[in-house]
Amino acid sequence: MLTIYSDSHRLQHGRSELIDGTLKPCFETPSRADMVLAAVRQRDLGDVVHPRRHGLEPILRVHDEGYVRFLETAWQRWSEMGRDYDALPKMWQIRRLREAVPEHVEGQLCYYSMDCGTPITAGTWQAATASVDVALTGADRLIGGERAAFALTRPPGHHAARDYCGGYCFFNNAAIAAQALRDHGMHRVAVLDVDYHHGNGTQDIFYHRSDVLFLSIHGDPRTEYPFFLGFADEKGDGEGLGYNFNFPLAAGSCVSTWFFALDCALEQIARFGAEALVVSLGVDTFEGDPISRFQLGTPDFVTLGARLAALKLPTLFCLEGGYAVGPIGDNVVNVLAGFEA
Ligand code: Q9C
Ligand code: ZN
């Protein structure tokens, strides 16, 4: 399988995120992508190519223009105030506060952020746009007739909604790629999110649409991040009613429970008649993940890949989470190798 990769991911290197009341070193680090790339090479998955630049147009197909312009200018405006530490929000536009977009960069940072774990740094814009290019170059390959491609996207994307960042995500790589597939003649596209955390951003982007089916298997938001979305009764709205499926599973759920949910999701994808599949591939479902609580073992990821292949659809894999840095490469490549076997 072809891998698309860019060194620009390194430019996203946040120092800290707020966890349990203290600033801790970011879990979402450059070493994650390094380890995945090393495993791709070591296990001879296939060629590794650089992305092609696609510009802002495909991003603006799914993201709000004000949000995109904010990300583009945020670090410069922040550093002009004499600040050299990561930009993190410290409040939110909660109930009964004014809904207008603030003018000040600090107000905008709060307005356009979902959490306090997604630092904007000097290189965030370049890294996030390169990550989108990686996903879009993968989509190009599917449009060109290839069976599958692996977009080694970092920073990840599935928590980024139309107009906010969060959960280590800035642009929703998988959603932008799915939209590109639609724009290039694929009529029905399914996005399956197997990351431990609910793909709130992707759900947000496609919630009112019937041409993109979204399905997510994740830790139950009653106890797990992102808490405010990802419940089973979110089924889509308007035209999109019946085209959104959430499979929340209790934290600590066993492997067979997880694969039962996967079977349910795959059945829906087949019923939908998808012409292409985008997989939001987080491997933070791994038993050794430091911030998540499912129990998949490294060999289970081969099984996941094989089950996905059984759909017989052109498939684009976009990397999302996975924070057990040592095993992340084997876990990810196991999915891709299982798909190809
Ligand atoms: N104590 C992705 O996997 N913080 N994002 C959770 C847990 C946010 C994860 C804190 C986790 C976001 C792409
Ligand atoms: Zn995750």
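The following paragraphs describe a metal site, a bound ligand and selected backbone and side-chain features of a predicted model.

Residues are numbered from 1 along each chain as its sequence is written, while chains are lettered from A and ligands numbered from 1 in the order in which they are written. Because the model is predicted, local features need pLDDT of at least 70 and side-chain atom pairs count only at pLDDT 80 or more, whereas totals for chains, interfaces and linings use all residues, and side-chain values use heavy atoms, with hydrogens and water left out.

The zinc ion (ligand 2) has protein donors from Asp 195, which is listed with two OD entries, from His 197 through ND1 and from Asp 284 through OD, at 1.9 to 2.7 Å from the ion. Donors are here N, O and S atoms within 2.8 Å of the metal (3.2 Å for Na, K and Ca), and since water is not among the atoms, sites may look incomplete. Along the sequence, the donor residues follow the spacing D-x1-H-x86-D. Distant parts of the chain are thereby linked, in that Asp 195 lies in the loop between strand S6 (189–193) and helix H7 (200–206), and Asp 284, 89 residues apart from Asp 195, in the loop between strand S9 (276–281) and helix H9 (300–309). Helices (H or I, at least four residues) and strands (E, at least two) are DSSP runs, numbered from the N terminus. Both aspartates are classed as buried, Asp 195 with a relative accessibility of 1% and Asp 284 with one of 0%; the classes are buried for under 20% relative accessible area, exposed for over 50% and partly exposed in between (1.4 Å probe, protein chains only).

The zinc donors also belong to the surroundings of ligand 1, which comprise Pro 156, His 158, His 159, Gly 167, Tyr 168, Asp 195, His 197, Tyr 225, Asp 284, Gly 321 and Tyr 323, a residue being counted if one of its heavy atoms lies within 4 Å of the molecule. Polar side-chain atoms approach this ligand at several points: one of His 159 lies 3.3 Å from a nitrogen atom of ligand 1, one of Asp 195 lies 3.5 Å from an oxygen atom, and one of Asp 284 lies 3.1 Å from an oxygen atom. Taken alone, ligand 1 exposes 410 Å², of which the protein buries 82%, the accessible areas coming from the Shrake-Rupley method with a 1.4 Å probe.

Two cis peptide bonds may be described alongside two residues with positive phi. Most residues other than glycine have a negative phi, and most peptide bonds are trans. The bond from Arg 154 to Pro 155 is cis, with omega near 0 degrees, and Pro 155 is located in the loop between strand S5 (148–151) and helix H6 (173–183). That loop between S5 and H6 also contains Tyr 168, a residue other than glycine whose phi is positive at about 75 degrees and which is buried, with a relative accessible area of 11%. A cis peptide bond likewise joins Tyr 225 and Pro 226, with omega about 10 degrees, and Pro 226 is found in the loop between strand S7 (212–219) and strand S8 (244–249). Asp 20, in the loop between strand S2 (16–19) and strand S3 (22–25), has a positive phi near 50 degrees and is exposed, with a relative accessible area of 76%.

Within strand S8, Asn 246 is buried at a relative accessible area of 6%, and its side chain makes polar contacts with the side chain of His 198 at 3.1 Å and with that of Glu 234 at 3.0 Å. A polar contact denotes a pair of N or O atoms within 3.5 Å; within protein, one must be able to donate a hydrogen and the other to accept it, and residues adjacent in sequence count only if both atoms are side-chain atoms.

Some separations in sequence may be set beside those in space. Tyr 5, in the loop between strand S1 (2–4) and S2, is buried at 6% relative accessibility, and its C-alpha atom lies 5.4 Å from that of His 50, 45 residues apart in sequence. Pro 314, in the loop between H9 and strand S10 (315–319), is partly exposed, with a relative accessible area of 23%, and 9.7 Å separate its C-alpha atom from that of Arg 141, 173 residues apart along the chain.
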